Amino acid sequence: MSTEQHEADAYGQELARISQHQHEATDARFTVFQALAAVGIGHEQADDIVAKLEAEAVAGAHTWISESSPPHGSEQRFENGWFAGVRDVASYLLRIADTTATATATAGRGCAASSSMLLAHLQQPHSPAPTEAPAPAVELDAKDVLAAAERFPWAVAAPGERHWPDGGDFLDVALSAVLPEEREGYIERLEAFVEQHRPRLEEMLRTHGPGSKPASHGR
């Protein structure tokens with residue numbers, strides 16, 4: 001096995017482990033929101049509690065990185081590069097912690113509300129028996145779907161950038177592909193999907209989104 005293949009396999013294993021942690025964290029967050037709602041804590045306060053817990057986890061990683069040291073006996077140039085890299089990573093982790101702690105102040109309807117709506121959707125009774133008259137098809141408002149997408153801008157565009165046109169005409173065409181029986185609760189399921197698959201979406205954006213090699217060729 002070549003060195004490149006070994007490194008690729010090792011990186012793939014790391015991504016798989018990270019993905020597992022992310023999926024477990026999503027399930028745990030959903031459970032926490034349920035528990036907080038059960039004792040009467042509102043969505044905004046629940047979002048604030050969970051955001052602070054997640055920010056503390058990132059802060060812990062910041063501390064661990066900041067206190068790391070190069071191997072004993074390293075050359076001065078190696079040590080200089082080591083500490084420069086540590087400062088860069090620590091600064092980035094600090095920005096993540098700051099953003100995580102204040103996310104609920106800028107995200108509008110947060111994860112707690114989305115979890116609550118998803119739970120309500122899952123608890124809805126099954127479809128009526130065939131003898132009953134079918135319910136009218138639910139209409140999807142493109143503006144509502146776009147507003148939901150803009151609550152998760154990292155999923156569709158790099159930070160601070162926007163890569164879709166103004167207005168909702170393009171969404172009217174895209175949403176016409178959604179089956180009538182899939183429209184009820186569509187936005188809530190969309191938000192839950194984005195939260196559950198955030199690591200994968202971020203990786204896809206990094207490898208294929210704006211600024212990537214495929215994007216430079218117009219694909």
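## Exposure and setting of P180

P180 is partly exposed, because its relative accessible area of 44% falls between the limits of 20% for buried and 50% for exposed residues. In this predicted model, P180 belongs to the loop that joins α7 (169-175) to α8 (186-196).

P180 can also be placed relative to L140. Although their positions lie 40 residues apart along the chain, the C-alpha atoms of P180 and L140 are separated by 9.4 Å.

## Nonpolar cores

L140 is itself a member of the largest nonpolar core, which has 7 residues in all: L140, A142, V145, A148, L175, V178 and I187. Helix α6, covering residues 142-150, gives the most to this core, namely 3 residues. A separate core of 5 residues lies apart from it and includes V58, I65, L93 and A97.

When neighbours within four places in sequence are set aside, L140 is in contact with L175, V178, R183 and Y186. Of these partners, L175 and V178 are also listed in the largest nonpolar core.

## Overall architecture

The protein contains 10 helices and 0 strands. From the N terminus on, its elements accordingly read α-α-α-α-α-α-α-α-α-α. Among contacts with a separation of 6 or more, 69% are made by residues 24 or more positions apart.

## Burial and surface

Of the 219 residues in the protein, 24% are buried. The exposed surface of the protein comes to about 15,400 Å², and carbon and sulfur atoms supply 58% of this area.

Key:
Residues numbered from 1 in each chain as written. Predicted model: local features only at pLDDT ≥ 70, side-chain atom pairs only at ≥ 80, totals over all residues. Heavy atoms only, no water. Helix = DSSP H or I, 4+ residues; strand = E, 2+ residues; numbered from the N terminus. Buried < 20%, exposed > 50% of the residue type's maximum accessible area, 1.4 Å probe, protein only. Contact = heavy atoms within 4.5 Å. Areas by Shrake-Rupley, 256 points an atom, 1.4 Å probe, with all protein chains shown as cover. Core = buried A, V, L, I, M, F, W, Y, C linked by side-chain atoms within 4.5 Å.
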